[in-house]
Amino acid sequence: MILLGALSSGAVAGIVIAIILFIGTLVFITSVKIVRQANAMIVERLGKYNRTLNTGFHMTIPFFEKSSRPISLKEKVADFKPQPVITKDNVTMQIDTVVYFQITDPKLYAYGVEQPIAAIENLTATTLRNIVGELELDETLTSRDTVNSKMRIILDEATDPWGIKINRVELKNILPPKDIQEAMEKQMRAERERRESILKAEGEKKSAILIAEGEKESKILRAQADKEAKILEADAKKQARIMAAEAEKAALIAEGEGKAKAITLINDAKPSQSYLTLEGYEALKKVADGQSTKIVVPTELSNVAGLVASVKEIATDKKVEKK
């Protein structure tokens, strides 16, 4: 019995130690906090904010300190459903927005506002109504960048106490009423038709101008070609006349030189009077064979008998020389 009691007390002690080790291990594990990259955790000690845990390994005091769920510091995108908005000219449109935001202060985000996403959505809707309410329909459709910039500035100032930074705001869709859409489509169709007519007219105008310019250039080129051809023809005729005159001049010069040589030879030969008379008669025959209606006969040739006798003598002398 004593031995059994001793064993029972030892087993109980072992069980107690095991339980204490288990609890201690569990407490140690729960007190260890590992924060991942781009995350943060809020630590409260006895219900009061104590510190913010950034990326890395951390230890907390069991039962006295409590850590919150990890808060992501990445940029987030919130796509809000369409909101009815009335423009300055009383046109109701459905506009949905997309907000890009980022948590910059985990403490302010945790304690600044209840349900921050819902708060941002409501703030976006009211801001959008205020801005679009000052614009007419056409301005709203063509001033998206202006509306986006104004909303970003207003939302960023309003969410700064919540530890949230608004990086960007975009109007995703702007949906006017159906009748306004139909009117806008008709207007756009008419505008496209008008532009088409203008482009067609401009094309025809340019085509006519190009055709006229082509004809003009063609006539100018044709006239220039005719002018150059006439100039070349005139130059050719001029050159031909110059060459003919030079040839005639050369012929006359050659003929004059030939005559001069003939006269020189005749003078050197000292011809008789009878030979000269015969040559004069031959020249007279050539003159008589021409087309002249009048012939002037030299006085030296008036004595025909003497001329004939001279011819006979010359003929006789030529026969004797041939023998």
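Which side chains meet in a salt bridge with 3.3 Å from N to O? I looked this up first and found E191 and R195. Both residues lie in helix α6 (residues 178-269), four residues apart, about one turn of the helix. I noted E191 as partly exposed at 27% relative accessibility, and R195 as exposed at 52%.

**Entry: the model as a whole**

I am working with a predicted model. The average pLDDT of the chain is 79, and 76% of the residues score at least 70. For residues 318-323 I found pLDDT below 50, and this stretch has zero contacts in the model beyond near neighbours in sequence. Where pLDDT is low, the predicted coordinates should not be read in detail. I left that stretch alone.

I listed eight helices and ten strands. The chain has 323 residues, of which 20% count as buried. Its exposed surface comes to about 24,000 Å², with 59% supplied by carbon and sulfur atoms. Among contacts with a separation of 6 or more, 62% are between residues 24 or more positions apart.

**Entry: other salt bridges**

I counted eight salt bridges in the model. One of them joins R45 and E65, with the closest N and O atoms 2.4 Å apart. R45 is in strand β2 (residues 39-45) and E65 is in strand β5 (residues 65-67), so this pair ties together parts 20 residues apart in sequence. R45 is partly exposed, at 35% relative accessible area, whereas E65 is buried at 10%. I also found R51 linked with R45 and E65 in a network of salt bridges.

Next I looked at D79 and K172, whose side chains form a salt bridge at 2.9 Å, N to O. D79 belongs to strand β7 (residues 75-79) and K172 to strand β10 (residues 164-175); the pair links distant parts of the chain, 93 residues apart. Both ends are partly exposed: D79 at 46% relative accessibility and K172 at 42%.

**Entry: D96**

K172 came up again when I turned to D96, in strand β9 (residues 92-103). What is the nearest side chain of opposite charge to D96, and how many Å away is it? I found K172, 4.8 Å away. D96 has no salt bridge although it is buried; the cut-off for a salt bridge is 4 Å, so the distance to K172 does not qualify.

I then checked what the side chain of D96 does reach, and found the backbone nitrogen of N173 at 2.7 Å. Leaving aside neighbours within four places in sequence, I noted contacts of D96 with F80, K81, P82, E170, L171, K172 and N173.

Key. Residues numbered from 1 in each chain as written. Predicted model: local features only at pLDDT ≥ 70, side-chain atom pairs only at ≥ 80, totals over all residues. Heavy atoms only, no water. Helix = DSSP H or I, 4+ residues; strand = E, 2+ residues; numbered from the N terminus. Buried < 20%, exposed > 50% of the residue type's maximum accessible area, 1.4 Å probe, protein only. Lys, Arg positive; Asp, Glu negative; His and termini not counted. Polar contact = N/O pair within 3.5 Å; in protein donor to acceptor, adjacent residues only side chain to side chain. Contact = heavy atoms within 4.5 Å. pLDDT = per-residue confidence, 0-100. Areas by Shrake-Rupley, 256 points an atom, 1.4 Å probe, with all protein chains shown as cover.
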